[in-house]
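Biologist: I should be grateful for a close look at a single part of this model, namely the packing of two helices against each other, together with the setting in which that packing is found. Please begin with how the chains are arranged and then work inwards.

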Amino acid sequence: MTDSGSVTDNGSWLIKGVTIPASGKPSGKPSEKQGDVPTSILLSGGSITAIGPDLDHPGARTIDADGLIALPGLVDLHTHLREPGREDAETVETGTAAAALGGYTAVHAMANTDPVADTAGVVEQVWRLGRAAGHCDVQPVGAVTVGLNGARLAELGTMADSAARVRVFSDDGRCVSDPLLMRRALEYVKAFDGVIAQHAQDPRLTEGAQLNEGEMSARLGLAGWPAVAEEAVIARDCLLAAHVGSALHVCHVSTAGSAEIIRWAKSKGWQVTAEVTPHHLLLTDELAAGYDPVFKVNPPLRTEADVAGLRRALADGTIDCVATDHAPHPVEAKESEWAEAAFGMTGLETALRVVQRAMVDTGLLDWAGVADRMSVRPARIGRLTGHGIPLAPGAPGHVTLYDPAAPAEAVTTAGASKSRNTPFAGMELPGRVVATFLRGVPTVLDGKLA
Amino acid sequence: MKRHLISAADLSRADAVLILDTAEELASLADRPIKKLPTLRGRTVVNLFYEDSTRTRISFEAAAKRLSADVINFSAKGSSVAKGESLKDTALTLEAMGADAVVIRHGASGAAHRLAGWVQGSVLNAGDGTHEHPTQALLDAFTIRRRLKGTGARGAALDGLRVTIVGDVLHSRVARSNVLLLSTLGAEVTLAAPPTLLPLAVGSWPCAVSYDLDSELPKSDVVMMLRVQQERMTAAYFPSVREYSRRYGLDAARMARLPGHAIVMHPGPMNRGVEIAAEVADSVRSTIVEQVANGVTTRMAALYLLLGGMEFPATGVDQ
Amino acid sequence: MCAASSPVAGRDGLAVLDAEQIRRALTRIAHEILERTHGGDGIILLGIPTRGVPLARRLAARIGEFERLDVPCGSLDVTMHRDDLRLHPARALGRTDMPPGGVDGKTVVLVDDVLYSGRTVRAALDALNDLGRPRAVQLAVLVDRGHRELPIRADYVGKNLPTSPREVVHVLLTEVDGQDGVTISGEGRRP
């Protein structure tokens with residue numbers, strides 16, 4: 001990576017020799033596909049001003065992107081930034097820094113903070129913290145119910161009208177289990193093109209649940225979290241969304257059965273979208289054998305059959321996007337007996353590498369597909385204008401440069417996130433995020449915060 | 001190869017027979033004028049009991065003391081644990097005190113696994129949540145072998161014996177350890193319980209399953225009754241204690257349908273009148289009292305072998 | 001007893017005692033025991049597992065032939081009393097079989113195959129101590145190979161065998177190994 005800048009710095013960047021993945025048969029190797037010829041991207045004034053093979057722009061700083069691919073800046077529909085309230089685990093500053101290192105230019109910050117983001121005041125606070133940190137755009141998610149207690153609707157309209165312009169509402173962490181309340185929420189958000197993002201978990205079927213209900217939970221003596229507790233709620237919510245003509249988004253789909261139900265709902269033309277986490281695309285409940293709570297997450301890791309079903313669903317678009325559900329926790333919350341430990345895994349910094357391992361290197365999805373699932377669709381579902389726009393002249397300058405051929409390296413717990421609870425620690429993953437641009441300005445260069 | 005005893009699955013068949021044979025030798029200690037051996041002199045065994053269990057703790061304490069080890073009892077009530085000290089910090093304290101072995105009983109499945117990662121000494125699992133209780137399975141196997149194969153049955157396993165375990169298998173660490181150990185020792189195990197008290201994945205376990213206790217009784221050499229907690233009723237595992245007792249309780253009439261040589265076991269404490277009738281508990285078939293004495297000798301064997309540097313699995317199929 | 005009188009090739013070692021020589025040594029020891037215990041009055045033979053046990057039985061049988069005396073015979077496992085638990089991993093226990101009548105007030109003759117450092121015998125004395133209070137304790141061994149580390153000596157010896165610590169003495173007995181013989185292997189000793 002060379003910086004052959006001139007004396008004057010006019011804030012322009014010229015990315016030379018990069019490949020922009022085009023759709024085609026999945027092969028995973030950009031250079032082998034027709035239409036994937038190395039080209040250059042010129043970023044200026046916050047936008048992509050030109051794309052072409054022999055671009056030149058005096059005064060622009062250049063990046064030698066030979067061998068790299070360029071994706072539209074990634075958009076995460078599901079992140080926990082923990083601020084306000086749990087700054088010991090993460091802050092907006094550290095969480096967005098981690099996001100940028102993972103290639104993200106926008107993240108949706110979930111509402112289960114302390115205080116809960118159920119008012120315009122809290123969502124605007126989070127939004128402002130994001131702007132101040134400047135590592136990526138922060139789009140706050142508003143709670144569906146006051147205090148996440150599942151009893152009364154929060155002021156969804158006021159949050160939508162606030163400076164934070166909330167469109168995605170979720171009680172994530174908890175399930176909106178009351179069917180009447182879920183119906184009302186789905187109906188109410190139609191007024192401002194909102195979407196309800198459901199954490200599907202029947203509370204009665206999962207009281208005290210610790211791990212996927214199956215052979216592992218039986219052997220380890222841990223209370224089971226049955227797949228049906230997720231699938232039954234998804235089925236009900238799809239029917240409700242269809243009945244009232246509203247939009248449902250399903251958070252962190254974790255079972256093959258859930259994917260089947262979503263496929264059925266979509267086949268009926270209903271407005272149902274869904275996300276899957278990187279860890280559910282790669283890991284299974286067998287990892288719980290040593291009772292290390294770094295593998296404890298909600299919804300839990302499941303079986304090989306579920307991993308296979310989720311991968312297929314993401315490949316064929318039944319599941320629309322990858323969302324990290326980045327859930328940082330302080331050391332002591334993960335260093336105890338399994339039952340005492342907190343649920344959750346970090347994921348922002350490793351997401352793209354995990355997706356490469358699980359989807360691209362297995363031939364299930366090509367890089368154009370990755371751009372669709374990790375940028376275009378999440379932005380569309382989040383109603384996030386200005387993000388998730390395919391790279392073309394005139395598009396906003398949100399670009400992620402990635403090296404798919406970087407030698408596989410073991411994941412370390414060091415990173416920008418304040419927390420260390422990554423389930424991939426010690427695992428060799430391919431690829432490397434080389435640079436991230438937010439509105440034409442680099443937030444990450446050469447794999448480090450700019 | 002682990003220097004701990006956390007799960008019955010840690011033991012190969014030869015390991016288990018070695019422990020039973022060692023226990024058989026140690027059993028004669030009770031008849032000697034000096035009921036003590038110097039073998040673990042100078043070693044420190046810590047009993048780390050987060051759950052109230054006087055019976056098991058005393059058993060381990062007696063076992064360690066009869067081998068001349070120093071015993072330190074650490075019970076959770078009124079200690080730093082009650083003030084919120086984490087398991088990890090407690091483990092580090094024990095390390096600093098130089099514990100050669102830690103016997104841990106804890107309410108969370110996996111606590112023994114976690115502890116093993118934080119201490120240098122050996123960890124003996126005395127019951128972790130609903131996961132396992134390997135020394136209970138060992139003393140049960142020892143009891144079965146003594147009763148049904150005689151006290152001279154050195155080198156013998158439990159091949160061909162049919163054991164029926166009855167009760168709340170889902171929440172029972174005793175059941176899990178016994179299924180593993182008994183099948184390792186060649187016994188045929190059947191679980192008898194209502195479907196709600198069996199794990200969904202029980203089909204992958206090395207045992208048979210029956211919902212009908214009465215059909216299993218005439219074929220059983222051993223019937224092992226598990227304690228049923230009344231609280232399970234409120235979580236809808238069964239409609240009433242009365243119905244549970246009627247369908248799965250071992251009363252005198254059912255006991256009469258057992259083969260003549262069959263024995264009745266219970267890990268204790270019993271709910272007399274629920275899973276087991278008083279007259280059954282007090283009958284000659286019942287091994288409940290000798291299970292207690294056998295507990296001390298099998299725990300002595302386990303302590304001796306572990307602290308003597310054995311790592312499980314230690315022996316191959318036929319050594 | 002087997003008729004062969006030629007040296008037995010043991011486990012790649014030099015034979016130092018054959019079956020016939022073993023037989024004669026045991027006969028001699030049996031007579032010596034009778035001499036020094038006033039005709040075997042109040043004696044118990046306790047073999048130390050593994051091979052001390054069949055040796056004790058053979059001695060008891062011999063004594064019984066000579067004096068028509070029923071000598072109580074048993075075994076004493078010393079594993080739990082050894083002083084080297086921290087150096088070697090825990091071993092399987094041998095059988096401890098006390099003849100009826102116990103050891104109180106008796107003359108216990110411990111029987112073992114090889115006497116070397118003396119630590120096994122020390123452990124046996126400790127174990128015996130916890131079982132009761134013999135009137136006296138004596139020691140009979142088939143082979144004394146020297147190199148004592150403790151002040152222990154045998155009362156009855158089948159053969160004195162000077163060895164170097166680098167050598168290994170193998171005792172084979174029909175009851176355990178299918179044949180009788182004593183061999184020695186190691187530097188300087190070629191079959």
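Modeller: In this predicted model, chain A and chain C are joined by no contact, and their closest C-alpha atoms lie 27 Å apart. Two pairs of chains touch, and the pair with the most contacts is that of chains A and B. Where chain C meets chain B, 14 residues of chain C are in contact with 16 residues of chain B. The side of chain C that touches chain B is made up of seven nonpolar, three polar and four charged residues.

Within chain A, the division is into domain 1, covering 13–70 + 394–449, and domain 2, covering 71–381. The centres of these two domains of chain A, taken over C-alpha atoms, are separated by 25 Å. Their contact draws 35 residues from domain 1 of chain A and 47 residues from domain 2 of chain A. On the domain 1 side, at least two residues each come from β5 (69–72), β16 (399–403), β19 (432–438) and β20 (441–445) of chain A. That side of domain 1 of chain A comprises 19 nonpolar, 14 polar and two charged residues.

The interior comes next. The largest nonpolar core holds 246 residues, and those touching the most other members are A:A70, A:F169, A:V355, B:V102, B:A141, B:V166 and B:L303. The element that gives the most to this core is α11(B), with nine residues. Leaving aside residues up to four places away in sequence, B:V102 touches B:V46, B:L48, B:L94, B:L115, B:V119, B:G121 and B:V123. A second core, separate from the largest, has 44 residues, among them C:I43, C:L45, C:V109 and C:V182.

This leads to the helix pair itself. Helix α5 (residues 134–149) of chain B packs against helix α11 (residues 288–307) of chain B at an angle of about 115°, and their axes are 8 Å apart. The crossing of α5(B) past α11(B) is right-handed. From α5(B), the contact is made by B:T135, B:L138, B:L139, B:D140, B:F142 and B:T143. From α11(B), the residues are B:E290, B:Q291, B:N294, B:G295, B:T298, B:R299 and B:A302. Taken by class, the residues of this contact between α5(B) and α11(B) are four nonpolar, six polar and three charged. Thus α11(B) both packs against α5(B) and gives the most to the largest nonpolar core.

Key: Residues are numbered from 1 along each chain as its sequence is written. Chains are lettered from A and ligands numbered from 1 in the order in which they are written. This is a predicted model: local features need pLDDT of at least 70, side-chain atom pairs count only at pLDDT 80 or more; totals for chains, interfaces and linings use all residues. Axes are lines fitted to C-alpha atoms, for helices over the stretch in contact, and angles run from 0 to 180 degrees between N-to-C directions. Helices (H or I, at least four residues) and strands (E, at least two) are DSSP runs, numbered from the N terminus. A crossing is left-handed if the near helix is turned anticlockwise from the far one by less than a right angle, and right-handed if clockwise. Two residues are in contact if their C-beta atoms, placed from the backbone, lie within 7 Å. Ala, Val, Leu, Ile, Met, Phe, Trp, Tyr, Cys and Pro count as nonpolar, Asp, Glu, Lys and Arg as charged, and the others, Gly among them, as polar. Domain bounds come from an automatic or database domain assignment. A nonpolar core is a set of buried Ala, Val, Leu, Ile, Met, Phe, Trp, Tyr and Cys residues joined through C-beta atoms within 7 Å. A residue is buried if 20 or more other C-beta atoms lie within 10 Å of its own, exposed if 12 or fewer, and partly exposed in between; C-beta atoms are placed from the backbone.
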